[in-house]
Amino acid sequence: MAQLAFYFNTARCTGCKACMVACQDKHDLPAETRWRRVAEYSGGEWTRNNDNTFTQNVFAYYMSVACNHCERPICQEVCPAAAITKRDDGIVLIDEDKCIGCRYCEWACPYSAPQFNEDTGTMTKCTMCVDYIDEGQDPACVTACPSRALEIGELEELRAKYGDLAEVAPLPEAALTEPALVIQPSAKVKPVESGAGMLANPKEV
Amino acid sequence: MDVREWALIAFTILSQMAVGSFIVLGIVYFFVNRKWGEAEADRFSDRALLAIGPVLILGTLASLFHLGNPLNAYRAISNIGESWLSREILTNVLFIGLGAVFAFMQWRKIGSPALRTAIAAVAAIVGVVLVYSMAQVYMLRTAPAWNTIATPITFFTTTFLLGALAVGAAYVVNYAMIKRSDPDCAAAQCDILRLALRWLALAAVLLVGVHLVVQPLYVAYLSNSGTAAASEAVDILMGEYSVLFALRLALVFVGAAILGAFIYRTASTPGREMVLGNLAILAFAVVLVAEVMGRFLFYAMQTNVGL
């Protein structure tokens, strides 16, 4: 089976976080557990011109991020309990019955996808709504997006349609884990590690 | 920093101290055995060998407090093929097992000395692999502040520095016990103690030099490496924890270099065993505190690339 992937259009996202809330609702997650988060990356400055006018290059854009069900999932590599598996369709899942709660995957993942559940003492993360996928439906985040910025599909098809960009600030370099992610950039989008802006909502992601 | 991080600090420090102690003890035993014979060598170091057991067990128990789901702890060796954490736990268990077998045989004088030496050598190699695995656990390609050569160098330096000083302190305690119960046989033991502490002090001075060279180079490297995660880690070390970092370097210098030099000088002249013993125990205590602080800072610098 082909690897499934998320597609995200930075030009369309308005930062409303409906995807995040739909995810928390679907999976009945507590407020502090956010399998899908919306990062706000912003920066720029005002410069004074010779004639005392000002020019600005201020920018901001959103990046909705969940587990990217990587083709080289570092969480699976490092998990000492072999509790993380990758299905034939590429979906990366944590088996909570096997998880020892060491949180090593949390250190390793550059997307903060695995999150600790204080109640069960185990790790949890985005399942790509695997139950919906198996019924032929789209994940909750995708159907909730009012601006159609999120899609799901086969990685190769999405790449053929939208290109193969999988890294923009504030995401990590794609080469590290080969995320199953296709990003449609907007004019404002900055490259990885550009240092041009900053994560404006660190407590939300 | 919560109880889970403290569990890791305790586990890594105690396990490294145990491995270092085991190897240092073996090296000292080899030379003492050659010069004074087996009986004196056994009397000099058997108690210290047995003391490593509780240190290892304590460290391993501490590691369980790091787990959210300790009932599943036995599953931690399920991914030997890929996960350094699995390899760390496996080598830790093997080191405990081999160390226990050797300590029991040595204590009860079971088997020939050659057989015991062979088991000890295998245990020492497993111990080195354990410390190497511990370092590899943190050398994640997504964690630039940890993924440097400074991690294994620092772990091994801590291993042998704490090992040398812990063994030195254990020799002092053992000597005091021998002297109390059997003052007549203490003369040879006294010579051995002074010679052993001289060499251990010299080793400590050299090892602390490694820390004091590597730490500034490491900070300079991180500052220039350019990734946001590395800069963030430097900011944590040089900002929020700058006082602790300075104190850690000062303490390790005082404990290993200054007290080490005093131990070296005091050990040269006979008749000052009381002072020598106190210095050796103080040096161990100071360096242990400094190394715990260093490990705390290591975990505090946990940053990874991306989100």
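## A two-chain model at a glance

Helix H4 of chain B, residues 113-138, is 26 residues long and covers 38 Å from first to last C-alpha, close to the 38 Å expected at 1.5 Å a residue. Keep in mind that this is a predicted model. Chain B has 9 helices and 0 strands, while chain A includes antiparallel strand pairing, with S2 and S5 joined over 7 bridges. Here's a tour, starting with chain B.

**Chain B overall**
- Going along the sequence, chain B reads α-α-α-α-α-α-α-α-α.
- Its radius of gyration is 20 Å and the globule rule gives 19 Å for 307 residues, so chain B is as compact as a globular protein of that length.
- Put a box around the C-alpha atoms of chain B, along the principal axes, and you get roughly 65 × 40 × 30 Å.
- Buried residues make up 47% of the 307 in chain B.
- Take the contacts in chain B with a separation of 6 or more: 78% of them link residues 24 or more positions apart.

**Inside chain B: helix H4 and the core**
- Buried residues of H4(B) include B:Ala120, B:Ala123, B:Ala124, B:Val126, B:Gly127 and B:Leu130.
- Further along H4(B), the buried set also includes B:Met134, B:Val137 and B:Tyr138.
- Among the elements covering those buried residues are helices H1 (3-36), H3 (84-108) and H5 (150-181) of chain B.
- The largest nonpolar core holds 158 residues, and the ones touching the most other members are B:Leu161, B:Leu165, B:Val167, B:Tyr171, B:Leu197 and B:Ala204.
- H1(B) gives this core its largest share, 15 residues.
- Leaving out residues up to four places away in sequence, B:Ala204 touches B:Leu161, B:Ala164, B:Leu165, B:Ala256 and B:Gly260.

**Where the chains meet**
- The contact draws on 29 residues of chain A and 27 residues of chain B.
- On the chain A side, the elements giving two or more residues are helix H2 (74-78) and helix H3 (104-108).
- That side of chain A breaks down into 22 nonpolar, 4 polar and 3 charged residues.

**Strands in chain A**
- Strand S2 (37-43) and strand S5 (59-65) of chain A run antiparallel, with A:Ser42 bridged to A:Ala60 in S5(A).
- S2(A) also pairs antiparallel with strand S12 (197-199) of chain A through 3 bridges, and here A:Tyr41 has A:Leu199 as its bridge partner.

**A buried valine in chain A**
- A:Val92 sits in strand S7 (residues 92-94) of chain A.
- A:Val92 has 23 C-beta neighbours inside 10 Å, so it counts as buried, the cut-off being 20 or more.
- Setting aside residues up to four places away in sequence, A:Val92 touches A:Cys67, A:His69, A:Cys70, A:Pro73, A:Cys75, A:Gln76, A:Ile84 and A:Lys86.
- One of these, A:Cys75, is 17 residues from A:Val92 in sequence and 9.2 Å from it in space, C-alpha to C-alpha.

**Backbone details to look at**
- The peptide bond from A:Ala169 to A:Pro170 is cis, with omega near 5°; A:Pro170 lies in the loop between helix H6 (155-162) and strand S11 (181-184) of chain A.
- A:Glu193 is not a glycine, yet its phi is positive, near 55°; this residue is in the loop between S11 and S12 of chain A.
- A:Glu193 is partly exposed, with 18 other C-beta atoms within 10 Å.
- B:Lys109 also has a positive phi near 55°, and its place is the loop between H3 and H4 of chain B.
- B:Lys109 counts as exposed because it has 12 C-beta neighbours inside 10 Å.

Notes:
Residues numbered from 1 in each chain as written. Chains lettered and ligands numbered in written order. Predicted model: local features only at pLDDT ≥ 70, side-chain atom pairs only at ≥ 80, totals over all residues. Contact = placed C-beta atoms within 7 Å. Helix = DSSP H or I, 4+ residues; strand = E, 2+ residues; numbered from the N terminus. Nonpolar A, V, L, I, M, F, W, Y, C, P; charged D, E, K, R; others polar. Rg over C-alpha atoms; globule rule 2.2 N^0.38 Å. Expected span 1.5 Å × (residues − 1). Pairing = 2+ DSSP bridges. Core = buried A, V, L, I, M, F, W, Y, C linked by C-beta atoms within 7 Å.
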